[in-house]
Amino acid sequence: MSSSSSNGFPRQITPSIPLRRQDVIRWDGWGYKDSRFELVGKEDSLRFSGKRYPIAGGAWLNGFKAWVEEYFGVKSSERGPEARMPVEFPDPVRSEGFLRGLEYRGVRYSEDGMDRLMRSHGQTLEDIERVRGSSYAKIADVVVWPSGHDQVVEVVRLAQEFEVAVIPVGGNSSVSEAVTTPNIVGRTIVSLDMTQMNRLLWLNMDNMTACFEAGVTGQDIERELAKEGLTLGHEPDSYEFSTLGGWIATRASGMKKNTYGNIEDLVVRIKMVTGVGVLEKQFLAPRVSCGPDLNHVIFGSEGTLGVITEAVIKVRSIPEVRRYGSLVFRDFETGVGFLREIAAKRLQPASIRLMDNMQFQLGQHLQPDGTWFNNIVKSVTNTYLSTIHRFKLDSVAVVTLMFEGTSDEVKAHEKKLYLVASTYGAINGGSKGGEKGYTMTFVIAYIRDFAMEFNIMAESFETSLPWDKCLTLCRNVKSRVTEDCHQRGITRLMIACRVTQVYDDGCCVYFYLAYKHPDHLGDTNPVQLFKIIEDRARDEILASGGTLSHHHGVGKVRSRWYSESVSTTGVAVLQAVKRALDPKNTFAAGNLIGEESKCKM
């Protein structure tokens with residue numbers, strides 16, 4: 001039986017993202033206000049502020065600073081002016097009838113400019129440029145905070161009555177412009193902030209399932225489940241800020257998917273408010289043969305069909321043991337071969353990631369300035385790799401590992417995996433390297449916003465692909481990007497990649513591109529030029545056998561390739577579903593197909 005309210009359910013959770021998110025979250029970039037790279041003192045010494053991450057806490061990062069200055073040809077004195085928080089905002093397009101309806105029903109809302117701006121963008125390079133330069137074409141007209149499913153139903157009814165557009169938002173961590181306010185003329189646009197809808201509604205220990213409201217963030221899910229000795233195990237890089245509803249809407253994937261699965265494997269049932277009623281399966285069962293699975297109409301819908309309000313998810317006991325590891329390979333090609341065999345033998349641990357040499361170098365430099373002893377250890381390690389094993393430090397690749405399970409399970413798993421690694425000539429890099437590689441993921445996202453201040457443009461993009469395309473695609477994309485940059489006189493560039501997810505039949509590859517925008521292109525918008533180069537990289541990805549996205553979604557920035565990816569028939573199917581569930585185009589986010597936001601249908 002499900003636990004009931006008499007046993008402490010529904011359970012209210014203090015949200016990690018407050019109503020005034022600008023008090024905690026940066027308005028001009030990724031992450032927390034108290035966590036950023038900063039230059040301190042007359043010497044412009046570099047450190048990472050705050051205490052939230054292992055790299056923080058006052059440690060100096062001048063080795064990383066020196067590497068960046070040399071590699072990209074910049075100086076700390078060349079830092080651009082700091083962006084100023086805006087004090088003036090576009091006047092909202094008001095729907096008096098809609099607002100009166102909210103007040104009558106007791107639904108909280110705000111027309112404050114900063115509240116609206118904070119929910120009108122995601123985290124693409126273009127998003128951040130527009131926010132910092134106050135050059136956005138449109139921001140939301142009103143922010144609405146529903147308190148539960150029933151209020152969402154009422155808000156949608158009001159929106160339909162007064163022809164208001166509704167854009168559901170969570171932590172605004174999107175990197176596809178899916179939550180970026182569309183430039184719709186003449187309609188009030190509501191940013192429906194779901195983050196205050198974060199209760200644990202019930203927990204069933206017999207079935208190991210739980211029902212959460214969709215606005216709960218990943219970190220709050222894990223914190224709440226941990227009280228019961230449980231975990232969901234879904235850990236995307238953005239899990240501090242991204243929400244359950246956002247994961248479903250984008251078909252998200254987490255770093256530990258090998259053990260727990262992707263989001264579509266973890267969700268049992270979804271409740272979504274559409275323009276014609278509530279879409280929800282009327283049963284809870286591990287599997288049914290009952291026509292097409294309507295959950296998969298909702299997965300990946302990106303806010304275009306309705307508002308996800310609740311979801312039933314699978315939970316597991318917190319593993320007895322978590323252990324990290326790392327392996328060093330002669331080169332990236334050898335590392336890919338190792339991953340392929342691990343997948344074929346079904347030996348994937350909870351997390352297994354392969355970094356190419358450029359990423360390895362970045363990780364080597366992105367660590368606190370060492371003591372005399374630590375510097376000796378680093379020197380000995382480099383000597384061990386280059387002299388004893390004759391690995392070239394400018395070509396090695398590194399795999400980071402995380403194992404979870406009982407002590408006996410982890411030991412057995414490690415033994416089998418390391419035995420395979422030995423046949424590829426791998427060197428055991430130890431547990432500290434593995435743990436650092438895993439946790440550093442949460443800090444890397446902060447680098448881009450700091451780099452922008454020195455006219456260094458940086459962004460990541462990802463794809464999924466079959467194993468037999470992996471090496472060719474990686475080479476082709478790097479070659480295309482390098483050639484496009486050189487044609488424009490861009491010589492200070494970094495293009496790196498890593499394999500982040502491993503499947504039986506393929507993998508997910510991330511690319512990281514950063515370059516110093518050259519002075520001779522001073523009249524060219526740096527962000528727009530970056531977009532041109534990134535779009536050409538996406539063309540190369542598709543031409544080389546990759547997909548539009550593994551887990552970031554389509555949004556607006558990749559919508560022009562959507563038809564090519566799913567076929568014109570596939571687009572027609574989605575359009576038919578859109579007309580059936582949202583005949584008045586209330587959910588006019590403009591994602592996936594794009595044209596949906598330009599008409600009232």
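Trainee: What does helix H2 (residues 96–105) lie across?
Mentor: H2 lies across E3, E4 and strand E6 (189–193), contact meaning heavy atoms within 4.5 Å. Helix H2 runs at about 25° to E4 (fitted C-alpha axes, N-to-C directions, 0 to 180 degrees). Helices (H or I, at least four residues) and strands (E, at least two) are DSSP runs. Mind you, this is a predicted model, numbered from 1 along each chain, and side-chain values use heavy atoms, leaving out hydrogens and water. Local features need pLDDT of at least 70, side-chain atom pairs count only at 80 or more, and totals for chains, interfaces and linings use all residues.

Trainee: What makes strand E3 (108–110) and strand E5 (165–169) edge strands?
Mentor: Each pairs on one side only, and pairing takes at least two DSSP bridges. The open, mixed sheet has four strands in the order E3-E4-E6-E5.

Trainee: How many bridges join E3 to strand E4 (residues 142–145)?
Mentor: Three, and the two strands run antiparallel. Tyr-109 stands opposite Val-144 in E4.

Trainee: Why are H4 and H16 called oblique to each other?
Mentor: Their axes cross at roughly 45°. Under 35 degrees is roughly parallel, over 145 roughly antiparallel, 65 to 115 roughly perpendicular and the rest oblique, so H4 and H16 are oblique. The axes of helix H4 (residues 125–132) and helix H16 (residues 441–452) come within 12 Å.

Trainee: Which residues meet there?
Mentor: Leu-125, Ile-128, Glu-129 and Arg-132 in H4 meet Arg-448, Asp-449 and Met-452 in H16.
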